[in-house]
Amino acid sequence: MPSSTTSVTAVVPAKINLALSVGPVRVDGFHELATVYQAVGLYDEVTVTRRNPGSGISMTVAGVEADAVPCDETNLAWQAARVVAAEADTDPDVHIHIVKRIPVAGGMAGGSADAAGALLACDILWRASLHRERMLELAAELGSDVPFLLHGGTAVGTSRGECITSAMARGAYHWVFALSDRGLSTPRVYAECDRLRTGAKVVEPVIPAGLMEALLVGDPKRVGAELANDLQPAAISIRPELDMVLEIGRDAGALGAVVSGSGPTCAFLVADDEAALDLAVSLSASGLCSGVARAEGPVAGARLTDS
Ligand code: C5P
């Protein structure tokens, strides 16, 4: 990359949790997790462009639900630019432009994806030459899902989700997503999960062995049957209609149906393109979701584009 580079673009996928086991609340307020992430082919695009010295950070957002995305220091991509500037010992004079295709507040880690993209792109723009390990550390400080979005593929996440280990996984998986135009707040869903479990003994989170075996052999039918999310009852408690959305998928013969992360997006694993199309039609006709998206997984994590 020449030193005169003025602009760098990264594309970053969305994630779903094939399994999300939520353990007890820790002293830092986070929940101990054991999760299996998969990166899926819905992408946000993050472009960082040099600004004049002393200009600071600015941000614009285009695409789906762009109005719902804050363009200030509360945006994780903004925070990512600030931490890379500090590492590179430079002033954060940069414009960040995000093109959104990942649902906003949808349980697919769209905000974390933008942070991962900004980390990668700013590293190149400012020639910070961060080691992969340091980049993952900074990612973890920004948010629990950010390291996985740098990693991509299929991976196990532990601790609060930020400790990533590649999973032995074969096969390509066809996903259909039922979208909602009303996002869900992640802290609210975790709080509801705690409320629903009041008085119950909360055990340490576990990775389901059956899911790992199914991924190892690359059997979508078994993977579908093993999809699990401890946050699902909480998301349904806040949005009861999500139960009906999941039911549509099961009735249509999906191999598996699960709320994605903290929701409200619902993810359906299907056998092939034909099944994906049939389910997309049923979901659209139901009037219960604001849109339908399709993607394959696993895909690579955040990467730079040539432009
Ligand atoms: O790490 P991240 O900023 O994505 O987390 C957002 C919120 O989700 C946290 O503030 C917390 O309320 C909840 N969370 C949690 N336990 C985790 C991950 C997230 O309670 N392991």
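In this predicted model, Met 168 is found in the loop that runs between strand 6 (163-166) and strand 7 (173-179). The residue is exposed, with a relative accessible area of 62%, and together with Leu 216 and Val 217 Met 168 makes a nonpolar surface patch of about 300 Å².

Other nonpolar residues lie in the interior. In soluble globular proteins, nonpolar side chains tend to be buried together. The largest nonpolar core here has 70 residues, of which Ile 96, Leu 119, Trp 175 and Phe 177 touch the most other members. Helix 2 (residues 110-125) gives the most to this core, contributing nine residues. Leaving aside neighbours within four places in sequence, Leu 119 is in contact with a set of residues that includes Ala 80, Val 84, Met 135, Leu 142 and Leu 150. A second, separate core holds 28 residues, among them Ala 234, Ala 235, Leu 242 and Cys 289.

Thr 35, which is found in strand 2 (residues 31-50), is buried, with a relative accessible area of 0%. A polar atom of the Thr 35 side chain lies 2.7 Å from the backbone oxygen of Ala 19. Not counting residues up to four places away in sequence, Thr 35 also touches others, including Asn 17, Val 156 and Ile 207. Ala 19 is likewise in contact with Pro 208, which touches Glu 226 too when neighbours within four places in sequence are left aside. Pro 208 sits in the loop between helix 5 (186-196) and helix 6 (209-217), and the C-alpha atoms of Pro 208 and Ser 21 are separated by 8.7 Å, although these residues are 187 residues apart along the chain.

Side chains of opposite charge can pair when their charged atoms come close. A search of the whole structure finds twelve salt bridges, and some of them are set out below.

| Salt bridge | Closest N to O distance |
|---|---|
| Arg 222 and Glu 213 | 3.4 Å |
| Arg 250 and Glu 247 | 2.9 Å |
| Asp 273 and Arg 294 | 3.1 Å |

Arg 250 and Glu 247 are separated by about one helical turn, because they are three residues apart in helix 9 (residues 241-251). Asp 273 and Arg 294, by contrast, link distant parts of the chain, with Asp 273 in helix 10 (residues 273-286) and Arg 294 in strand 11 (residues 291-297), 21 residues apart. Asp 273 is partly exposed at 46% relative accessibility, and Arg 294 is partly exposed at 38%. Elsewhere, Arg 26, Asp 28 and Glu 32 are joined into one network by salt bridges that share partners.

Note on methods
Residues numbered from 1 in each chain as written. Predicted model: local features only at pLDDT ≥ 70, side-chain atom pairs only at ≥ 80, totals over all residues. Heavy atoms only, no water. Patch = residues over 30% accessible without salt bridge, like charges linked within 9 Å, V, L, I, M, F, W, Y side chains within 5 Å. Areas by Shrake-Rupley, 256 points an atom, 1.4 Å probe, with all protein chains shown as cover. Salt bridge = Lys/Arg side-chain N within 4 Å of Asp/Glu carboxyl O. Helix = DSSP H or I, 4+ residues; strand = E, 2+ residues; numbered from the N terminus. Buried < 20%, exposed > 50% of the residue type's maximum accessible area, 1.4 Å probe, protein only. Core = buried A, V, L, I, M, F, W, Y, C linked by side-chain atoms within 4.5 Å. Contact = heavy atoms within 4.5 Å. Polar contact = N/O pair within 3.5 Å; in protein donor to acceptor, adjacent residues only side chain to side chain.
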